[in-house]
Number of protein chains: 2
Amino acid sequence: MPLDIVSTAKAHGGTQGVYRHHSRATDTLMTFAVFVPPQASEGRVPVLWYLSGLTCSHQNAMDKAEYRRLAAELGLMIVLPDTSPRGADVPDEKDNWQFGSGAGFYVDATREPYAENYRMYTYVTDELPGYLATHFPADMKRQGLFGHSMGGHGALTIALRNPETYRSASAFAPIVQPTTADWSKPALDKYLGVGAKSQRLYDATALIEDGHRFPEFYVDQGTADSFLDTGLRPQLLAKACERAGIKLTLNMREGYDHSYNFISTFMDDHLRYHADRLKG
Amino acid sequence: MPLDIVSTAKAHGGTQGVYRHHSRATDTLMTFAVFVPPQASEGRVPVLWYLSGLTCSHQNAMDKAEYRRLAAELGLMIVLPDTSPRGADVPDEKDNWQFGSGAGFYVDATREPYAENYRMYTYVTDELPGYLATHFPADMKRQGLFGHSMGGHGALTIALRNPETYRSASAFAPIVQPTTADWSKPALDKYLGVGAKSQRLYDATALIEDGHRFPEFYVDQGTADSFLDTGLRPQLLAKACERAGIKLTLNMREGYDHSYNFISTFMDDHLRYHADRLKG
């Protein structure tokens, strides 16, 4: 599994790198970013996956999420995958920011013409971990997940389906019920089929209803987030967690919006949350 | 002096805003960013100017310099001006990243056709401070300057020419002798004239030779910076400061390049340096 180095730079005593490879899962070139903390010179370090939101690539959080300072202090490797396959040969809806490029929703599509390339669930949970284990000083026994918006959805659902693989999961403004939210339902319908049962595998509240469990979740949500009422609806996650007896810390953050200003403000809290659970 | 709000967002308890206005100095619309820390709700706060490097607008440092967390803690207002006038009516060399748009070099041009618009020295030292004093909770008696590369040059030269206005000055990888450096001499020649004496007003080492003084400077420089030997040459500043008896702290940072990975790594040190001198 060869890997091309796109760029590396020293940052906060560690290394911020960008890498590219051909993905079997998506049958495209895929780009991702990894921050390796300075502690990696002394042995494998815990891995924290950051899953980005709609329209983003690895680049947005790498530039704006402000994770390096504290990740370097805590000794966490931060991995930022892309959010979809990309390329001239990949079916897409160019003018639709909620579908196709930048909008993979961390699903394995089953409907044509998307099933061949839009396999971000397999890419993030199976293929990319192989690259990390092979090419980076990553301790794959200590993995956590977090993400923003569509990526918060990804973190919650991947954690619920793989509780043995990931020790910790948190989210910034997650889409907690994508099968009914206005900006995600059309995409799931196209990737998986209208009314398809498989949609429940990609919906945190449905997974919990269906018996999936994860020890606890940590969620921040801005009260000035313009997507709060129709797209995000954290109260639906709170209700599902309460019924299932899953511990949920849900912080409503007064006056914060949906942007990286919000994410970067609460980044330190999330990194410490994961470090407490990954460094044991 | 009306001011348009382009955007505002809550960040780290303060407000990150972007603003636009018509500039008398440059005769163009100018955009700038201001971070107002939470302490401003209780009174005017010190102002720290961040001057950006070649090709940048206010946006690059706003996205990538990672100043908000600690500025909010220390109670510093951070101001990020653009680096040049811009627009269809502004003379430019589109394919030259070292001249024109994004490359104002913080000078007042005297040569045609640049003299009408390229007046970034007056814009940064005279016009924009007026907007800050009028529209923001800025304590104009407590101002500091820092910047990167071309903006480090701007910080050093503006401080040397206005020691009564600014209490503190620091720089990341500054161009210390732009009148001879390969990437700045052609621009100064075009803005000010080949061999013009006025070029010495925009060169930190020349200003020091000519008797200008500032109490002390704090400079970080990466050793893996590809511009170190031909464009930046901090040893020329060290020599000038030593001869003039100006205290200079020059940190050579092993393995760091010229990017925002370098800037963000040492941002906290600079903010604390300025806070120590501005909060008295």
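The two copies in this predicted model meet through the same surface, because 100% of the interface residues of chain A are also interface residues in chain B. The superposition fits this picture. Chain A lands on chain B after a rotation of 180°, with 0.0 Å of shift along the axis and an RMSD of 0.0 Å. The two copies are therefore related as by a two-fold rotation axis. Look for A:K64 to find that axis in chain A. Its C-alpha is the nearest of the chain, 2.9 Å from the axis.

A:K64 turns up again in the largest pocket. This pocket holds about 510 Å³ of space. Its lining counts 29 residues, and those closest to the centre are A:K64, A:H258, A:S259, A:Y260 and A:N261. Both chains contribute. Chain A gives two or more residues from each of α1 (58–64) and α9 (260–278), while chain B does so from β1 (4–11), β2 (14–22) and α1 (58–64). By class, the lining has ten nonpolar, 15 polar and four charged residues.

Now turn to the second largest pocket. Its space is about 300 Å³. Here 18 residues form the lining, and A:Q59, A:M62, A:D63, B:S259 and B:N261 lie nearest the centre. The elements giving two or more residues are β1 (4–11), β2 (14–23) and α1 of chain A, together with α9 (260–278) of chain B. Five lining residues are nonpolar, eight are polar and five are charged.

Next, follow the sheet of chain A. It is open and has nine strands, in the order β1-β2-β3-β5-β4-β6-β7-β8-β9, with mixed pairing. The edge strands are β1 and β9 (247–253) of chain A. Each has a single partner strand, so one side of each is left without a neighbour in the sheet. Neighbouring strands are turned by 20° against each other on average, direction ignored.

Strands of a sheet pair through backbone hydrogen bonds, either parallel or antiparallel. In chain A, β7 (residues 166–172) and β8 (residues 216–222) run parallel and are joined by three bridges. To see one end of a bridge, start at A:S170. Its partner in β8(A) is A:Y218.

Helices pack on this sheet as well. Helix α3 (residues 120–135) of chain A touches β2, β3 (28–36), β4 (45–51), β5 (77–80), β6 (138–148) and β7 of chain A. The direction of α3 makes about 120° with that of β2(A). Helix α8 (residues 234–244) of chain A lies across β8 and β9 of chain A. This helix runs at about 160° to β9(A), one of the two edge strands.

How values were computed. Residues are numbered from 1 along each chain as its sequence is written. Chains are lettered from A and ligands numbered from 1 in the order in which they are written. This is a predicted model: local features need pLDDT of at least 70, side-chain atom pairs count only at pLDDT 80 or more; totals for chains, interfaces and linings use all residues. Side-chain values use heavy atoms; hydrogens and water are left out. On a 1 Å grid over the protein atoms alone, a cavity is a set of points where a 1.4 Å probe fits but cannot get out, and a pocket is an open set with protein on both sides within 12 Å along at least five of seven lines; lining residues have an atom within 4 Å of a point. Grid points are joined across faces, edges and corners, and a volume is the space filled by probe spheres set on the points. Helices (H or I, at least four residues) and strands (E, at least two) are DSSP runs, numbered from the N terminus. Ala, Val, Leu, Ile, Met, Phe, Trp, Tyr, Cys and Pro count as nonpolar, Asp, Glu, Lys and Arg as charged, and the others, Gly among them, as polar. Copies are superposed by least squares on the C-alpha atoms of residues with pLDDT of at least 70 in both. Contact means heavy atoms within 4.5 Å. Two strands pair if DSSP finds at least two bridges between them. Axes are lines fitted to C-alpha atoms, for helices over the stretch in contact, and angles run from 0 to 180 degrees between N-to-C directions.
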